[in-house]
Amino acid sequence: MNFKKIISSVLSIALLSTTLSACGNNNGTANNSGEKQQITVWTSGSENVKTSWEKLAAGFNANEEYNQGKYQMNLQHVSSGTGATSLSDRVISQYKSGQENSEFDLIEVNGGEFEIYTKEGGEDIFQKIDNNKLKNSDRNISSQLATGGDYQVPYRGTTVVLAYNEDMVKNPPKTAEELYKWIEENDGQFAYCTPGTGGSGDSFVATAIYNKLPEEALHSSDEKWKDDWDEGFDLLKELHPHLYQSGGKVVYPHKNQGSLDLLANQQIAMTPAWVDMLISQLQQGTLPESIKMTQIDPGFTGSLVNLAIPGNTKNADGAYAIIDYILSDEAQSILLDEMGAFPVVDMTGLTSENKDLMSTFDIKNFRTIDIGELGTDITEKWDKEIGTLN
């Protein structure tokens, strides 16, 4: 019998047991050695979201006013398009398992995801937000959430604005009606991307339809509103022959980038575009300096991205500390710098170099839309009635 091998195996097992025990006790709370409490924030989406949150984590961890000398922010990011299980699936699955010490302390909730979470996980999947624990709560001036407002805190916005070439357009439209009139008077100088391939096209179409409906319709999935879509679709049909053409036919660009490419190449003078895409590409120099942006009234629709505290986390106090930091001028400046995020606080105290680009926008006029499956129905109707006009 080889006693050396036996002793070596026993020591290895003991070491592994100790390691696993240490991992098993890592539930986010501070240990007796005075180490900081680990608070895990989960986000999802593209690489710029990850990069922005890495800088937010560094900022929070260095700012003792907010981390109070006892909280440490850790980041977990689920990249889009990787085939990995979605963040919502992970959160819902763990909550349903009844696990008390959740690894999810604070999560990013995009657009209409709140309904998915509550439908699949139950009403208590998130904790109700206690604004008394947020000294910066009253700084949040973003639009009111259509659903789940008591359980989420908006931390950044994204919206579609009117992008134009100032060399070609000296006095851009200020209202939706002025825009539609401009399109009809300037044949071939405007384009919007095909709905379903890009959110800027979705927004242009939805705005044309829902400007004709009561404000409450923007936040309702009730199919009764479909009966009132015709006036908006009639407008889209009227605008169709005046849009960008190639080869003698009206062409709807593919994806958000498609319409921006036409604008950059001066093939058109105006197009709806995501504000964060515009800021990013202006920074990178992929769009000429002559490209400017403006907000029309009523504005194009956009969306808010929010933070929520899972119901089964034991680290809620640390989560509140992070939310409070995210609503600070320092954090909002990081978001505006890194991803052109629409600030949810008054911009007076922001230090971002992109601040001037946002100076003409009013967050109070920020319009969100949450219509559930009706969005798919609009795209299908557009494909049949507008996309086939050629």
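Me: A charge sits over a ring if NZ of Lys or CZ of Arg is within 6 Å of the ring centre and within 35 degrees of the ring normal. Which ring does the charged end of K135 sit over?

Reply: This is a predicted model, with pLDDT of at least 70 needed for local features and 80 or more for side-chain atom pairs, while totals for chains, interfaces and linings use all residues. Numbering runs from 1 along each chain, and side-chain values use heavy atoms, without hydrogens or water. The charged end of K135 lies 4.7 Å from the centre of the ring beneath, and that ring belongs to Y66.

Me: OK, so is Y66 itself buried or exposed?

Reply: Take buried as under 20% relative accessible area, exposed as over 50% and partly exposed as in between (1.4 Å probe, protein chains only). By that rule Y325 falls in one class and Y66 joins it there: both are buried.

Me: How many aromatic pairs are there?

Reply: Rings of Phe, Tyr and Trp (its six-membered ring) pair if their centres lie within 6.5 Å, with planes under 30 degrees apart called stacked, over 60 edge-to-face and the rest tilted. Counting that way, the model's total is 14.

Me: What kind of pair do Y66 and Y325 make?

Reply: Their planes meet at 70 degrees and their centres are 5.6 Å apart, so this one is edge-to-face. The two tyrosines come from distant parts of the chain, 259 residues apart, with Y66 in helix α3 (residues 64-67) and Y325 in helix α11; helices here are DSSP runs (H or I, at least four residues), as are strands (E, at least two), numbered from the N terminus. To put the geometry in a word, Y66 and Y325 are edge-to-face.

Me: And what is the centre-to-centre distance for Y192 and Y252?

Reply: That pair is edge-to-face too, at 65 degrees between the planes. It links two loops 60 residues apart: Y192 is between α6 (176-185) and α7 (199-210), and Y252 is between β6 (249-250) and α9 (255-264). Both tyrosines are buried, and their centres are separated by 5.1 Å.

Me: Which cluster do ring pairs build?

Reply: Y192 and Y252 both belong to it. The full membership, joined through ring pairs, is Y180, F190, Y192, F204, Y252, F300 and W382.

Me: How far from Y192 is the C-alpha atom of K255?

Reply: K255 is found in helix α9, and at 46% relative accessibility it counts as partly exposed. Along the chain, K255 and Y192 are 63 residues apart, but the C-alpha separation is 9.0 Å.

Me: Over to the nonpolar interior: which residues touch the most other members of the largest core?

Reply: A nonpolar core is a set of buried Ala, Val, Leu, Ile, Met, Phe, Trp, Tyr and Cys residues joined through side-chain atoms within 4.5 Å. The largest has 58 residues, and the ones touching the most other members are W53, L278 and I326.

Me: Which helix gives this core its largest share?

Reply: The top contribution is 8 residues. They come from residues 316-326, that is, helix α11. Apart from this core lies another of 38 residues, including I183, W225, F233 and I371, but the helix asked for is α11.

Me: How many salt bridges does the model have?

Reply: The rule wants a side-chain nitrogen of Lys or Arg within 4 Å of a carboxyl oxygen of Asp or Glu. Applied here, the count is 9.

Me: Which residue does R139 meet in a salt bridge?

Reply: The N to O distance is 2.5 Å between R139 and D329. R139 lies in the loop between α5 (113-121) and β4 (153-165) while D329 is in helix α12 (residues 329-339), so parts 190 residues apart in sequence get tied together. R139 is partly exposed at 25%, and 25% is also the value for its partner, D329.

Me: Which residues share one salt-bridge network?

Reply: D230 and K381 meet at 3.8 Å, N to O; D230 is in helix α8 (residues 230-239) and K381 in helix α14 (residues 374-385), so the bridge ties parts 151 residues apart. E385 and K237 form another, at 3.5 Å, linking α14 and α8 across 148 residues. Shared partners join the lot into one network: D230, K237, K381 and E385.

Me: Which ring has the charged end of K381 over it?

Reply: The charged end of K381 sits 5.0 Å from the ring's centre. The ring is that of F233.
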